[in-house]
Amino acid sequence: FVLPIKDQGLFRQQCYINGQWVDADSGKTIEVTNPATGEVIGTVPQMGAAETKRAIDAANAAWGAWRKKTAKERANLLRQWFNLMMAAQEDLAIILTAEQGKPLAEAKGEIAYGASYIEWFAEEAKRIYGDIIPPHQGDKRIVVTKEPVGVVAAITPWNFPNAMGTRKAAPAMAAGCPVVMKPASQTPFSTLAIAVLAERAGIPAGVLNIVTGSASAIGGEMTSNPIVRKLTFTGSTEIGKLLMQQCAATVKKTSMELGGNAPFIVFDDADLDAAVEGAMMSKFRNTGQTCVCANRIYVQDAVYDAFAEKLKAAVAKMKIGDGLKGETQQGPLIDMKAVEKVEEHIADAVGKGAKVALGGKRHALGGSFFEPTILTGVTSQMAVAKEETFGPLAPLFRFKTEEEVIKMANDTEFGLASYFYARDLGRVWRVAEAVEYGIVGINTGIISSEVAPFGGVKESGNGREGSKYGIEDYLEIKYMCMGGI
Ligand code: ADP
């Protein structure tokens, strides 16, 4: 199998440890398939604890020289890395779509989005300021500095195989921390390609290491090894909780970007066409497989039917297909397990009285393709109200009052993204302040940007990625108390 990329050097089937491209000790590999075709596109090493330990040791050895570089020196290397990534945008997007399934246009967008974190944190590296605090005694002076936390372990998911990696590696490296990263086994090639570019950009050996293979063995070493001072994870709440427990034994810092159950509220004073447009982007981007995808769409009584009709008309126009071919707007789901989850949610809702307004079944293209689906008459008793579907299913709930919908929106253990459409200024403030979420999209369905803090409350995790706040997750505060003055 040969990917249609210009620079074949970007497609690596080995791991990157201490500046070397290496295989697993056992020689074993894992196959990676294209979810649109079922075709095997390549293999990656099946590594475990021993290789991970070597990567951690290499990172630790590289740390001293890396943190001693001036912020500007690190920034210049990161900038070069960013430039190479943007120059390779087309090839990186093809690799991404081939392993992940999203339409090529979305994949290109993800490469630019992923690269933007490198650019942003290269700039932020120079602004890691400390503090001088007026002392509590006359003969003392208080100085506060910020230091890199140390070796960072990162575990990333398959839904944004480029951007979830850069969003962790860039702030860590900018702050002066070396990184050991494990990508999801479904989508390792995008991360390995990033490492190729880091190497070409002149990032020193050991500063960025990539290991692929057994999640539990690699994760076990990352969380138990005392050299690792910080674990940053994006994935399910279930695995996030497990990793937090594992990290407790050595009191590691953690950043957790976990599951969501985003409410998307359409009030009766909303611009309905704008709300439909926002819902389309928030719900169906990446075939509904993002942790900020609208999961529960609440529509106020008076506009419910009109919104449902308009949404149906928009969804019916979507082109489904192989992301690498034609003008596809929706690719396949990542695997059959994901398809089954969508089917379960539809069956549960229909069994409890919901109606299928559009779609509702596997797509004629076969494999893990699924029809974009709209359900009406959805209620809080249905599974989709409680769990993240992570697929192209738009369930429409009906509500009467602002008070009622705020209660419904907050009735979940999750708290990542939320959205609402309204024009009344008083309502906008009331609702924005009342929803228990880390992110609130107001009259917009797209909220991600490297300049803004991304992260959740409640069981959606801790820490923030992006913005001036994002680098704090990779810094420790040191307080120097100078006496005898
Ligand atoms: P998803 O349901 O999106 O696949 P997961 O939380 O299972 O979410 O996976 C996110 C990332 O966590 C992936 O890289 C996966 O390999 C990794 N992972 C899964 N199980 C474990 C584990 N026990 N320890 C460490 N990492 C894990």
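Two strands count as paired if DSSP finds at least two bridges between them. Helices (H or I, at least four residues) and strands (E, at least two) are DSSP runs, numbered from the N terminus. Everything here comes from a predicted model: local features need pLDDT of at least 70, side-chain atom pairs count only at pLDDT 80 or more, and totals for chains, interfaces and linings use all residues. Residue numbers start from 1 along each chain as its sequence is written.

**View A. Seven strands make an open sheet with mixed pairing.** Reading across, the strand order is 14-15-16-13-12-17-18. At the edges sit strand 14 (355–358) and strand 18 (439–442), each pairing on one side only. From one strand to the next, the twist averages 25° (axes are lines fitted to C-alpha atoms, for helices over the stretch in contact, and angles run from 0 to 180 degrees between N-to-C directions). Zoom in on strand 12 (residues 262–266) and strand 17 (residues 417–421): they pair in the parallel sense over three bridges. Ile265 has Phe420 of strand 17 as its bridge partner.

**View B. Helix 10 (residues 301–316) packs on that seven-strand sheet.** Helix 10 touches strand 12, strand 13 (294–300), strand 14, strand 15 (373–378) and strand 16 (393–399), where contact means C-beta atoms, placed from the backbone, within 7 Å. The direction of helix 10 makes about 135° with that of strand 13.

**View C. A three-stranded open sheet has antiparallel pairing.** Its order is 5-6-20. Strand 5 (131–133) and strand 20 (475–482) are the edges, each with a single partner strand, so one side of each has no neighbour in the sheet. The twist averages 25° from one strand to the next. Eight bridges tie strand 6 (residues 141–148) to strand 20 in antiparallel fashion; Lys146, for one, has Ile477 of strand 20 as its bridge partner.

**View D. Helix 3 (residues 89–100) crosses helix 4 (residues 104–124) at roughly 120°.** Their axes come within 8 Å. That makes helix 3 oblique to helix 4 (under 35 degrees is roughly parallel, over 145 roughly antiparallel, 65 to 115 roughly perpendicular, and the rest oblique). Residues making the contact include Leu92 and Leu96 of helix 3 and Leu104 and Ile111 of helix 4.

**View E. The ligand is surrounded by 14 residues.** The closest are Ala215, Gly219, Gly235, Ser236 and Ile239, and the shell takes two or more residues from each of helix 7 (215–224) and helix 8 (237–248).

Methods. A residue is near a molecule or strand if its C-beta atom, placed from the backbone, lies within 6 Å of it. Two residues are in contact if their C-beta atoms, placed from the backbone, lie within 7 Å.
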